[in-house]
Amino acid sequence: MALDPGEYDISELGPAIQDVEDVDELEDILEAEKAGENRVGAKQLVESRIEKFREDGEDGGDGDFDPTEMSPADIANALQDVDSVDRLKEIRDMEEAAGSRDNVLRLIDKRVDSIQGSDEETVVDRAPPEERHPDLDHPTADKQYVEDLEDGTYRDMWVYCETTDGELLDVSREMLGKARRLMDGYNDEYGRDERVVAVLLGDGVADLTDEVVELGADVVVYQDDPELARFRHKPYTELFAGMARAGGALGRQSRPRNDEAGETGLALDEEPDAGDSSWRDYDEPRYVLFPATDDGRDLSALVQGELDSGLASDCSGLYIEDTVISNPAKTGREGDKREFEAVLHMKRPDFSGFEYSTILCLDNPTREFHPQGASVIPGSFEAPDPDPAREGEAYEYDFALPEDWFRVDVTEHDELDSGVDLTGHDVVVGLGRGIGDDPTAGMELGLELADAFEDAALGITRGIVTSSYDFEGHVEQYAREERQIGETGQVVEPKLYVAAGISGAIQHKVGVDEADTIVAVNTDPDADIRDFSDYYVEGDLFEVLPALVDALESGELDEAALATGGGDDD
Amino acid sequence: MRTVTLTKGVPDFREGQVSFDEDGHLERGDTPTVMNPNDEPALRASLQAKVRNGGTASVMSMGPPGYGDVLREAMESVYADDLYLLSDREMAAADTWATAITVATGIQNMDEEPDLVFAGFKTADGETGHTGPQTAWCLDWPLVTHVVALDVDTEAGTLRAKRLVEGDADEIETVEAPLPAFVVTDPEFEPSYRRAEHRLTHKDLREETRQRAGEHEDHMTVWDHSDLNLDPDFIGLDGSPTIVSGVDPIPKAPAERDATMVDPSDPEEMAGVVDEMSRFAGGD
């Protein structure tokens with residue numbers, strides 16, 4: 001279903017359509033805008049995005065855009081199509097008249113320089129480290145964890161499909177669906193034929209290969225072994241990296257050494273006994289996705305370390321597009337620009353829910369950082385319906401599992417009383433940073449209110465989890481992450497949600513959207529949460545909650561208390 | 001026994017401390033630096049090791065020279081014997097992988113190899129949780145994450161840890177590993193001091209450290225990239241695979257519900273809310 005542009009201010013529309021890659025859907029949005037408010041800026045935003053994803057799109061490089069409505073990153077991309085210095089000056093004037101953002105002006109100036117300056121591409125010619133840093137004896141490049149892959153070949157998107165008790169996690173399905181859509185778009189855009197490769201590790205995972213293909217994988221690689229029944233850092237990392245890495249002449253010299261004796265890590269086609277590697281002819285994957293679960297996050301960090309590359313964790317948005325970068329760490333020289341093709345843009349909620357950051361994993365002039373990796377927050381993408389007609393290939397591997405990989409020995413495991421489950425209650429009371437004036441008293445009030453209902457649970461926002469509030473001992477247990485509601489916590493669907501002192505960041509909204517009725521209590525009449533509340537009590541939770549508790553317990557409202565409590569202090 | 005605890009300074013995210021520019025971007029420069037609150041469990045684990053197993057405790061951080069205060073705070077909380085600050089402009093703006101390479105080299109550069117390195121689960125600013133595991137990978141040490149309880153047997157040279165494992169039903173896993181090992185603590189880590197002598201040691205150490213923390217700079221070693229023989233291409237921004245290409249304020253959600261405004265001092269309006277709620281009333 002296409003979003004309704006009329007519900008967004010222009011500044012919000014850009015981020016909102018950032019994940020929409022389907023041209024038809026974008027056309028629908030554009031039509032809706034034309035039929036509705038018909039704003040020039042909004043139409044341009046959508047049109048520029050259509051341009052980006054339309055196959056064989058007619059070259060729209062006339063620079064007909066308004067920089068004041070665009071993010072610096074979009075401007076950097078758009079500027080690449082503008083070859084007229086006069087037009088660039090017009091764009092610069094527009095920016096100066098409006099926001100006059102320093103970084104945008106610099107981008108435009110650089111574009112002007114590059115057109116007016118010499119036509120020759122600046123070749124990055126960096127002196128060897130020995131010359132630039134004669135004071136060091138340069139051991140870093142020889143470290144066991146640094147890879148020396150030059151002009152490597154990178155293809156395909158690999159997806160680590162985590163399982164539990166012999167079944168795929170939902171997030172594994174969601175990632176396969178997203179990977180399928182991303183690679184279909186990528187293959188269309190670049191006229192290539194790259195695949196989605198699913199990785200399964202564990203005990204009994206052989207039974208899952210068909211399902212993984214039905215959900216979007218072209219190739220499944222797996223190792224099924226009772227020794228892998230429980231997630232273990234070392235063997236899982238070695239196996240994933242071994243599957244992801246080619247051997248051969250190129251691979252051998254570049255691979256990190258795993259120990260001081262210089263023994264290298266595993267590589268698929270160097271161990272023919274372990275299985276067939278003929279289906280691939282590249283050094284390492286282009287992209288990899290992991291679930292942002294506890295195990296998935298650990299594995300993502302270790303695999304990317306072993307492959308000497310980078311990753312963004314806890315992403316909720318992913319898209320592939322070309323990008324132009326002027327960061328000197330990536331270009332090799334201050335003032336240069338470098339174009340990167342088909343970069344995985346990884347968006348993650350950052351800074352305790354205040355911002356989205358877009359992270360890119362890019363080669364440096366002297367080091368290649370592939371695969372580009374991300375871990376994905378469960379629930380961020382829709383799981384596809386399985387398509388029984390889809391076909392794919394499955395390859396089983398049987399790498400030897402050296403004892404040394406099991407240095408960390410699991411001696412016992414016991415099920416835990418399942419933490420705190422906020423789902424399945426009639427009522428959930430949520431507390432946010434509005435309790436900050438007296439966190440302990442605020443928490444007590446939230447608990448009292450929850451107690452006044454027959455079946456209620458107490459939840460908190462991410463803001464409280466990451467706060468440094470000093471709770472007194474008896475309520476401290478309620479401030480833990482296990483009670484967090486939202487995108488990175490639990491998603492609740494109660495009949496009644498009471499949001500006390502919660503401003504309503506989008507990441508919290510995601511966790512309560514499905515509640516039948518939402519009652520907010522907040523001193524700020526314009527807090528974001530008002531837009532998704534059914535009742536909005538504009539008042540101080542320290543006064544309103546006691547009144548509600550009283551009313552629920554006695555069955556009637558104490559009008560006198562309200563009248564004095566809610567009015568001006570006097 | 002020798003332990004090293006890794007810690008980091010992060011912006012203070014408490015209400016009122018965070019400042020934004022007019023585009024809604026976080027202004028880091030104007031936000032004060034405090035010790036990463038998620039490192040506290042790691043510091044508690046290190047303290048437990050020092051009290052129960054003796055030996056020396058070190059704290060290591062990478063950051064600007066101003067991190068001295070963060071380290072002093074850490075010194076007080078683990079009764080640390082010495083502090084290490086990896087500080088250099090070449091190290092600035094590192095992502096987790098470049099940080100891991102730097103910190104692992106710092107650990108390898110110590111006079112005596114530590115038996116245990118502790119790290120917290122995540123930092124409050126980046127929240128990736130990658131630096132700890134990646135540092136362990138560089139060292140090629142056994143790694144145990146999400147640790148909630150720890151016992152060290154110095155004679156046998158092993159550790160025994162309980163760790164949280166999420167799943168359909170969450171589990172507690174008991175693991176054993178040889179030292180040296182790398183421990184990432186869970187926010188729920190609880191130290192235990194079962195014997196009276198532990199509690200007494202605790203008290204003595206507190207006195208002793210209070211004095212040391214006052215002159216913490218005398219106990220601090222600062223290393224730059226040439227001290228560590230680290231090539232600038234492998235550390236800091238230049239050595240980082242990832243960059244942040246853009247930051248957007250999280251967009252305001254479109255209005256989906258039409259809120260009825262309620263003035264809490266108006267009994268009639270409040271009665272509407274109470275009606276809505278009283279269907280579910282009936283607790284104790």
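Here are a few exercises with worked solutions on the two-chain structure above.

This is a predicted model, where local features need pLDDT of at least 70, side-chain atom pairs count only at pLDDT 80 or more, and totals for chains, interfaces and linings use all residues. Residues are numbered from 1 along each chain as its sequence is written, chains are lettered from A and ligands numbered from 1 in the order in which they are written, and side-chain values use heavy atoms, leaving out hydrogens and water.

**Exercise 1. Get to know chain A**

Task: find how many helices and strands chain A has, and what share of chain A is buried.

Solution. Start with the elements: chain A has 19 helices and 18 strands. Helices (H or I, at least four residues) and strands (E, at least two) are DSSP runs, numbered from the N terminus.

Next, look at burial. Of the 570 residues in chain A, 55% are buried. Buried means under 20% relative accessible area, exposed over 50%, and partly exposed in between, using a 1.4 Å probe and protein chains only.

Finally, turn to contacts, meaning heavy atoms within 4.5 Å. Among the contacts in chain A with a separation of 6 or more, 66% are between residues 24 or more positions apart.

**Exercise 2. Follow strand β6 of chain A**

Task: work out which strands pair with β6(A).

Solution. First locate strand β6 of chain A at residues 284-291, where eight of its eight residues are buried. Two strands pair if DSSP finds at least two bridges between them.

One partner is strand β1 (residues 154-160) of chain A, which pairs with β6(A) in the parallel sense over five bridges. Here A:Y154 has A:E284 as its bridge partner.

Another partner is strand β11 (residues 372-376) of chain A, also parallel and joined to β6(A) by five bridges. In this pairing, A:P291 is matched with A:V376.

**Exercise 3. Describe the interface**

Task: state how many residues each chain brings to the contact and how much area is buried.

Solution. Count the residues: chain A brings 123 and chain B brings 99. The size of an interface is often given as the accessible area lost when the parts come together. Chain A and chain B bury about 10300 Å² between them, with 56% of it on carbon and sulfur atoms. This buried area is the accessible area (1.4 Å probe) that two parts lose on being put together, summed over both.

Now consider the salt bridges, each a side-chain nitrogen of Lys or Arg within 4 Å of a carboxyl oxygen of Asp or Glu. Six of them cross the interface of chain A and chain B. B:R257 pairs with A:D534 in a salt bridge, their closest N and O atoms 2.8 Å apart. On the side of chain A that touches chain B, the largest share, nine residues, comes from helix α12 (residues 294-306) of chain A.

Strands meet here too: β13 (residues 409-415) of chain A and β9 (residues 171-178) of chain B run antiparallel, joined by six bridges. Within this pairing, A:E412 has B:T174 as its bridge partner.

**Exercise 4. Trace salt bridges within a chain**

Task: say where the partners of three salt bridges lie, and whether they are buried or partly exposed.

Solution. Begin with A:R297 and A:D314, whose side chains meet at 2.5 Å, N to O. A:R297 lies in helix α12 of chain A and A:D314 in strand β7 (residues 311-315) of chain A, 17 residues apart. Both A:R297 and A:D314 are buried.

Move to chain B, where B:R160 and B:E176 form a salt bridge (3.4 Å, N to O). B:R160 is in strand β8 (residues 158-165) and B:E176 in strand β9 of chain B, so this pair ties together parts 16 residues apart in sequence. B:R160 is partly exposed at 35% relative accessible area, and B:E176 is partly exposed at 35%.

The third pair is B:R163 and B:E173, with the closest N and O atoms 2.9 Å apart. B:R163 lies in strand β8 and B:E173 in strand β9 of chain B, so the pair links parts 10 residues apart in sequence. Both B:R163 and B:E173 are buried.
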